[in-house]
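These are my notes on the model, set out as numbered points. I take the protein interface before the DNA and the pocket.

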Number of protein chains: 2
Amino acid sequence: MGRTARIDRDGVIAAGLALADAGGLAAVTMAAVAARLGVTPMALYRHVGDKADLLDGMVEHLVTEVPPPTTGPWFDRLARLAGAVRESARRHPNVFPLLLQRPANTPGARQVRDGVCSALEEGGVDPARSAQVERLLSTAVLGFAASEAAGRFSHHSPRQLDQDFALLLEMLLRFVESGVTTVDGAAPDPRGPPGAPLR
Amino acid sequence: MGRTARIDRDGVIAAGLALADAGGLAAVTMAAVAARLGVTPMALYRHVGDKADLLDGMVEHLVTEVPPPTTGPWFDRLARLAGAVRESARRHPNVFPLLLQRPANTPGARQVRDGVCSALEEGGVDPARSAQVERLLSTAVLGFAASEAAGRFSHHSPRQLDQDFALLLEMLLRFVESGVTTVDGAAPDPRGPPGAPLR
DNA sequence: ACCTGAACACCGTTCAAGT
DNA sequence: ACCTGAACACCGTTCAAGT
């Protein structure tokens, strides 16, 4: 008879995210999510499959929250993207670490990856190797953001972590510009960045 | 009256590790750990505090399983340590990702960190900045190993991941040798590694 | 000192039932 | 089509009791 649904998948995921942000992953209970939506726990199963599916949806939400920049110089785009990733980790410190534990071939992840790859190729990276470089760079950035969010560096000052992040970006820039991954003999400007220094 | 204990903390942690390796973190149940030791669940609480403490112990076990090398050229030591970290991740793929989610100031973590720092200083890194460089390098290596262990790159071949890891090490080496973090004017051999190329 | 048995509040998930 | 109520097997943890 087409009763109008009172909740939908996005709402369930948003409720789970809000609970995780406020009280950690342990607070994400089918019962708690349902209560937040004013519904019984079993009502969730029509929209979410099971709890693992709910967590997957929450992680994917994080990924799609970080759209890759499309304007500006190639490394500027990468630096802004990395910064946005870091901010997402700060917004959702309890969920973010799950990002490193799931296959990196979801739709949202692919979109980010493509943005990184085209920036890298603009920076002179051999298109045949840009995917490999992308894995390296994104793993380093995700690893840092996850560590920071989860409190692995909680005994360091925010200012120190900002410096660490800047140094990380500098390492990545130098690596790309070193020409290790460019096509033979086509390494553009293998010494030093063309723009202003990072720090 | 000093009854001789039938189990101890190390045994509980080892049992938890074995269960996690075989069936994932979800298989690490107080009941399952106890059953594996031939004891009731409540017997564990004398040795382990609670379940979070058990997981902490399991993670710390992983760290102490990777002793930093003390012989050989500085970068060779770092490369072997990174390889050992990667192997630890492969041995305990379900527990390893937790390593990035816990404060990096446990005894075992400190020992590894000190080994990395002295290698870096031998490589010319300013002692005042070696701790910062260590955070960057270890985060990149842990992030890669955790990603690989958790299956984030499961759609890539083992051979591809070996190449990724080699490229990661090359990036780290180039960064240290670039002289960004050496004391002013004391950058030793800022161009190219002294030994054979990595790949 | 070390382990057990019984009990508690909670968890994810199922199934059949309601509208 | 969407939600509910009752039920099930399991979870971590407590407390008092046993030896």
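1. Between the two protein chains, 42 residues of chain A are in contact with 41 residues of chain B, where contact means heavy atoms within 4.5 Å. The area buried between chain A and chain B is about 3600 Å², and carbon and sulfur atoms give 62% of that area; buried area here is the accessible area (1.4 Å probe) that two parts lose on being put together, summed over both. On the chain A side, A:Arg135, A:Arg152 and A:Met171 lose the most area to chain B, together 20% of what that side buries.

2. The basis of these values should be kept in view: this is a predicted model, in which local features need pLDDT of at least 70 and side-chain atom pairs count only at pLDDT 80 or more, whereas totals for chains, interfaces and linings use all residues. Residues are numbered from 1 along each chain as its sequence is written, chains are lettered from A and ligands numbered from 1 in the order in which they are written, and side-chain values use heavy atoms, with hydrogens and water left out.

3. Chain A has 8 helices and 0 strands, the helices (H or I, at least four residues) and strands (E, at least two) being DSSP runs numbered from the N terminus. The C-alpha trace of chain A spans about 65 × 45 × 25 Å along its principal axes.

4. Around DNA strand C there are 20 residues, of which A:Arg3, A:Thr29, B:Arg6, B:Thr40 and B:His47 come nearest; a residue is near a strand if one of its heavy atoms lies within 4 Å of it. Of the strand C atoms within 4 Å of the protein, 64% belong to sugar or phosphate and the rest to bases. Among the polar contacts (pairs of N or O atoms within 3.5 Å), a polar side-chain atom of B:His47 lies 2.8 Å from a phosphate oxygen of strand C, and a polar backbone atom of A:Met30 is 3.0 Å from a phosphate oxygen of that strand. A base nitrogen of strand C, by contrast, is 3.3 Å from an N or O atom in the side chain of B:Arg46. The elements that give two or more residues to this surface are helix 2 (30-36) of chain A and helix 3 (45-48) of chain B.

5. DNA strand D is likewise surrounded by 20 residues, the closest being A:Arg6, A:Thr40, A:His47, B:Arg3 and B:Thr29. Sugar and phosphate account for 65% of the strand D atoms that come within 4 Å of the protein. Backbone N or O atoms lie 2.8 Å from a phosphate oxygen of strand D at A:Arg6, 3.4 Å at A:Ile7 and 3.1 Å at B:Lys51. Helix 3 (45-48) of chain A and helix 2 (30-37) of chain B each supply at least two residues of the surface near strand D.

6. Which residues are closest to the centre of the largest pocket? The pocket has a volume of about 1000 Å³, and of the 28 residues that line it, A:Leu25, A:Leu98, B:Leu25, B:Leu98 and B:Gln101 are the closest to its centre. On a 1 Å grid over the protein atoms alone, a pocket is an open set of points where a 1.4 Å probe fits, with protein on both sides within 12 Å along at least five of seven lines, and lining residues have an atom within 4 Å of a point; the volume is the space filled by probe spheres set on the points, which are joined across faces, edges and corners. The largest share of the lining, 5 residues, comes from helix 4 of chain B.

Technical notes. A polar contact is a pair of N or O atoms within 3.5 Å; within protein, one must be able to donate a hydrogen and the other to accept it, and residues adjacent in sequence count only if both atoms are side-chain atoms.
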